[in-house]
Amino acid sequence: MSGDYKNDGRQFIKYRPLRGDSGPTLMDTPGDEEKAMESGDQQSYLVGNGSLDRKGRLADRTKTGGWKAAPMIFGTELCERIGSLGLQRNLVTYFTKKMHLSNPVAANMVSNFTGALYLTPFLGGFIADAYLGRFWVIVVFSVIQIFGMVLLTLSASLPSLRPSPCPVKSKVPCRAAHGWQLDVLYIAIYLIAVGNGGIKPNISSIGADQFDETDAKEKKQVSHFFNWFYICVSVGSLISVTVIVYLEDNIGFGWGFGIPTGIFAAAVLMFVAGAPLYRFKVLHGSPLTSISQVVVAAIRNRKISLPADENMLYEVSDNTAGFLVPQRIAHSNQFLLLDKAAVVAEKPEVKNHALADVDPWRLCTVTQVEEVKMIISLLPIWASTCFVWTALTQMETFSVEAGGTMDRSMGPNFQFPAASLAVFELVNVLLILPLYDIFFVPFMRRFTRHPQGISTLQRIGVGIIFSILAMVVAAVVEIKRVNVAREHGLLDKPKAILPMSIFWLVPQYFLRGTTEIFTQVGQLDFFYSEAPESMRSLGTALYLSTIGVGHFLSSLLVTAVRNVTRDGDDPGWLRDNLNRSRLDKFYFLLAIMSAVNFVFYLVCAYWYKYKKVVLAAGGPTFTSPPPDREVQSRN
């Protein structure tokens with residue numbers, strides 16, 4: 001389907017007539033289409049944003065998309081979370097207990113793997129926007145991930161692919177994984193990372209694509225969709241960190257990895273089964289090509305003066321040579337040097353030429369130029385939100401390891417798994433996020449008049465504050481844990497269980513959950529909504545990359561802290577023996593760095609201007625921010 005509708009990256013769509021087809025069609029000429037629009041025959045049930053159904057026809061809003069398609073997206077994501085997160089959450093335990101890797105090495109491996117999980121979405125987002133579309137990228141990359149999950153299951157199941165168990169009560173160090181054992185392990189986890197890179201940026205985007213932004217009622221539902229999408233993410237995650245982690249700790253990692261693999265395969269089948277209900281976006285060509293054209297054209301036209309009237313810049317009319325332009329972006333006064341890419345250097349008649357008559361490497365439309373400006377404008381927000389995940393990453397590594405040294409008993413026969421501590425952040429999300437959507441948004445809307453209650457940038461900022469509090473609480477609890485070890489003479493017995501309940505760690509996980517409600521969902525909404533129409537998968541990938549970069553920064557920070565604090569025979573703050581480590585100082589350092597980063601974020605949010613989109617063919621105009629929204633984003 002996508003091949004019939006792909007164009008050269010110039011943001012214009014040419015729909016082929018579907019004569020003889022019983023489904024909804026577009027008229028052959030602009031005149032016929034305008035008559036149909038005036039009569040209301042087409043406008044009543046066809047989408048206005050150019051989305052297609054699976055047969056390549058303009059989508060019928062009564063049969064496709066909206067909340068009709070959402071359950072399939074939600075179910076797919078829920079199963080995907082159970083499958084992929086079931087492998088991820090307990091990896092640090094698998095690396096240390098079964099592969100016999102040291103704590104710092106295992107923590108860095110998990111950080112690097114998680115970082116890759118959130119950077120590979122750039123690859124998946126690019127291929128989706130440029131070549132295959134979101135649907136087929138999800139399907140193809142899911143197969144890659146399944147291969148990686150099967151390989152990891154084999155690594156945990158076959159004795160030849162993991163080191164021998166440690167001798168009981170032996171002082172001889174356990175032999176760590178080596179050779180082919182590590183090779184298979186690395187291939188498995190990074191196949192999973194590559195496969196996940198096609199799913200993460202596209203599953204939420206294809207879900208949001210089911211709502212027509214030209215329809216006022218459907219456009220308001222996008223924010224609600226993201227809230228409920230994240231609730232499904234949390235439900236799947238909750239099952240992962242309870243049931244799946246319990247299987248891994250008590251039955252074995254072979255079963256703990258194998259069952260999520262089967263669940264994930266079922267998720268792919270569920271997603272494919274929903275195809276008749278989906279709306280599909282028309283491909284706009286390679287976004288990198290479009291960006292490159294703007295840069296090259298601006299350089300070529302660098303000696304040409306900008307016109308005094310911005311209306312003299314090059315833009316294609318709503319219907320040019322049979323092309324339907326679904327959306328244009330209004331001109332902005334930022335990064336004016338790029339406007340030279342839209343300066344008409346030839347005769348004025350060029351403004352009426354067909355698209356094919358214009359050299360795209362010398363003259364670009366205002367919409368193309370504005371898309372590049374939008375990507376550049378997103379970068380400061382992107383940079384200022386990366387460090388949030390650098391801080392919170394510690395709860396996936398050091399906090400899990402610390403929990404393993406604490407009293408995990410819940411009654412005489414049950415031990416609470418340390419890797420299941422994330423259940424408390426997820427319970428927080430599941431309890432508070434529905435209340436946020438149902439009560440908080442309408443309540444705040446009364447005061448702010450903002451359709452989402454508060455702006456996405458305000459929402460992200462609130463989450464950053466909670467991430468700082470999480471680090472402070474983590475530091476205070478760590479001081480308490482080490483004091484308990486000292487009081488009972490257990491400082492030099494790192495494998496001894498301290499007489500301190502693991503549930504002392506609950507508050508920091510609760511605060512992490514609150515951070516996700518505000519920052520993570522806010523980022524998901526912001527980077528999808530503010531990205532250009534033709535680059536929304538890449539926009540979602542940009543959001544995901546903040547998590548990936550945060551994990552890589554965590555790995556670098558751990559290494560830097562170990563090197564800086566090491567003094568001769570003193571191994572410094574971060575040691576294999578957590579009781580002798582100074583995790584409290586490390587957590588306080590992260591809190592201070594997070595506070596500095598928050599100030600940087602406030603500056604970036606103050607200067608950010610929301611995009612302005614103008615729908616073609618006389619459609620409604622979305623102007624963001626409205627007068628009150630711009631003020632709110634700067635508070």
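The following paragraphs describe selected helices, aromatic contacts, strands and backbone features of a predicted model.

Helix α11, which spans residues 366-392, comprises 27 residues and reaches 40 Å from its first C-alpha to its last, a span close to the 39 Å expected at 1.5 Å a residue. The helix nevertheless bends by about 25 degrees at L379, and a proline, P380, follows within four residues of that position. With respect to solvent, α11 is mostly covered, since 21 of its 27 residues are buried. One of the residues of low accessibility in this part of the chain is C386, which is buried with a relative accessible area of 3%, and C364 is likewise buried, with a relative accessible area of 0%. As regards covalent cross-links, a disulfide is a covalent bond between the sulfur atoms of two cysteines. A search of the whole structure for such bonds returns 0 disulfides.

Aromatic contacts were then examined, and the count comes to 34 aromatic pairs. In the pair formed by F225 and F229, the ring centres lie 5.8 Å apart and the planes stand at 35 degrees, so this pair is classed as tilted. The two residues are 4 positions apart in helix α8 (residues 216-250) and are therefore separated by about one helical turn; both F225 and F229 are buried. A second pair, Y278 and F280, has ring centres 6.4 Å apart and planes at 70 degrees, and because angles over 60 degrees count as edge-to-face, the pair is assigned to that class. Y278 has a relative accessibility of 0% and so counts as buried, while F280, at a relative accessible area of 10%, is also buried because the cut-off is under 20%.

Beyond individual pairs, one aromatic cluster is formed by W67, F74, F211, F225, F226, F229 and Y528, so that the tilted pair F225 and F229 described above belongs to this cluster. A charged side chain is also placed at one member of the cluster, as R536 lies over the face of Y528 at 4.5 Å from the ring centre.

Among the strands, β4 (residues 406-407) and β5 pair in the parallel sense over 2 bridges, and the bridge partner of D407 in β5 is S501. Strand β5 itself, covering residues 498-501, presents two faces, of which the covered one carries L498 and M500 and the uncovered one carries P499 and S501. The residue that serves as bridge partner of D407 is thus located on the uncovered face of β5.

Finally, two backbone conformations were noted in loops. Most residues other than glycine have a negative phi. Against this background, F335 has a phi near 45 degrees, a positive value in a residue other than glycine, and this residue lies in the loop between β3 (327-329) and α11. F335 is partly exposed, with a relative accessible area of 38%, because this value lies between the 20% and 50% cut-offs. A positive phi of about 60 degrees is likewise found at R449, which is not a glycine; R449 is placed in the loop between α13 (423-448) and α14 (456-487). At 72% relative accessibility, R449 counts as exposed, because the value is over 50%.

Note on methods
Residues numbered from 1 in each chain as written. Predicted model: local features only at pLDDT ≥ 70, side-chain atom pairs only at ≥ 80, totals over all residues. Heavy atoms only, no water. Expected span 1.5 Å × (residues − 1). Bend = angle between axes of the 7 residues up to and from the residue. Buried < 20%, exposed > 50% of the residue type's maximum accessible area, 1.4 Å probe, protein only. Disulfide = S-S within 2.5 Å. Phe/Tyr/Trp six-rings, centres within 6.5 Å; stacked < 30°, edge-to-face > 60°. Lys NZ or Arg CZ within 6 Å of the ring centre and 35° of its normal. Pairing = 2+ DSSP bridges.
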